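Me: I would like to go through the terms used for this protein. Please set each value against its definition.

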Amino acid sequence: MTDSVRRGTRIAHIGLAVRAIDELLPFMRDVLEMPEVPLNDADGATIVGLASGESLVELLHSDSETSPIGKYVAKRGPGIHHVCFAVDDLDSMLQKCRDAGLRLIDEVPRLGAEGKRIAFLHPSATGGVLVELSEY
């Protein structure tokens with residue numbers, strides 16, 4: 001990818017773990033007037049996307065207590081689950097992370113809720129924040 005078409009790293013979405021989507025959806029959709037964006041469910045979670053400028057807010061509701069979101073809510077309660085950064089070249093960025101000695105959750109990219117290639121970095125490597133990387 002040439003520099004002229006690179007978009008640079010930006011916030012793609014913020015994932016919010018919720019006990020029930022209908023507890024937060026009316027506020028975000030109706031009061032804040034954030035339109036819903038159709039997303040696929042993933043990783044044992046029902047996901048509702050809401051547009052916030054060029055970024056999304058994802059409401060993540062666990063389909064089971066053993067899913068990653070189910071475990072998160074059981075241990076920490078509802079709240080910010082992760083921040084996703086869109087990058088120009090996911091494979092290159094993962095290699096940069098490896099070269100920097102960062103611990104990865106996903107060694108190999110996989111498909112995420114938006115049908116984009118994603119990979120997660122371990123919170124122990126990113127100041128306690130679960131970081132998802134997504135390719136534009």
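The turns below deal with exposure, a surface patch and a pocket.

Reply: This is a predicted model, where local features need pLDDT of at least 70, side-chain atom pairs count only at pLDDT 80 or more, and totals for chains, interfaces and linings use all residues. Residues are numbered from 1 along each chain as its sequence is written, and side-chain values use heavy atoms, with hydrogens and water left out.

Me: Why is E54 called exposed?

Reply: Exposed means over 50% relative accessible area, buried under 20%, and partly exposed in between (1.4 Å probe, protein chains only). E54 has 72% relative accessibility, so E54 counts as exposed.

Me: Why does L32 count as partly exposed?

Reply: L32 has 43% relative accessibility, and therefore falls in the partly exposed class.

Me: What makes F27, V31 and L32 a patch?

Reply: A nonpolar patch joins side chains of Val, Leu, Ile, Met, Phe, Trp or Tyr within 5 Å, from residues with over 30% relative accessible area and no salt bridge (a side-chain nitrogen of Lys or Arg within 4 Å of a carboxyl oxygen of Asp or Glu). F27, V31 and L32 form such a patch on the surface, with about 280 Å² of accessible area together (Shrake-Rupley method, 1.4 Å probe).

Me: What makes a space a pocket, and how many residues line the largest pocket?

Reply: On a 1 Å grid, a pocket is an open set of points with protein on both sides within 12 Å along at least five of seven lines, and lining residues have an atom within 4 Å of a point. The largest pocket is lined by 31 residues; P68, I69, H81, F120 and L130 lie nearest its centre.

Conventions. 1 Å grid on protein atoms, 1.4 Å probe; cavity = no way out; pocket = protein on both sides within 12 Å on 5 of 7 lines; lining within 4 Å. Patch = residues over 30% accessible without salt bridge, like charges linked within 9 Å, V, L, I, M, F, W, Y side chains within 5 Å.
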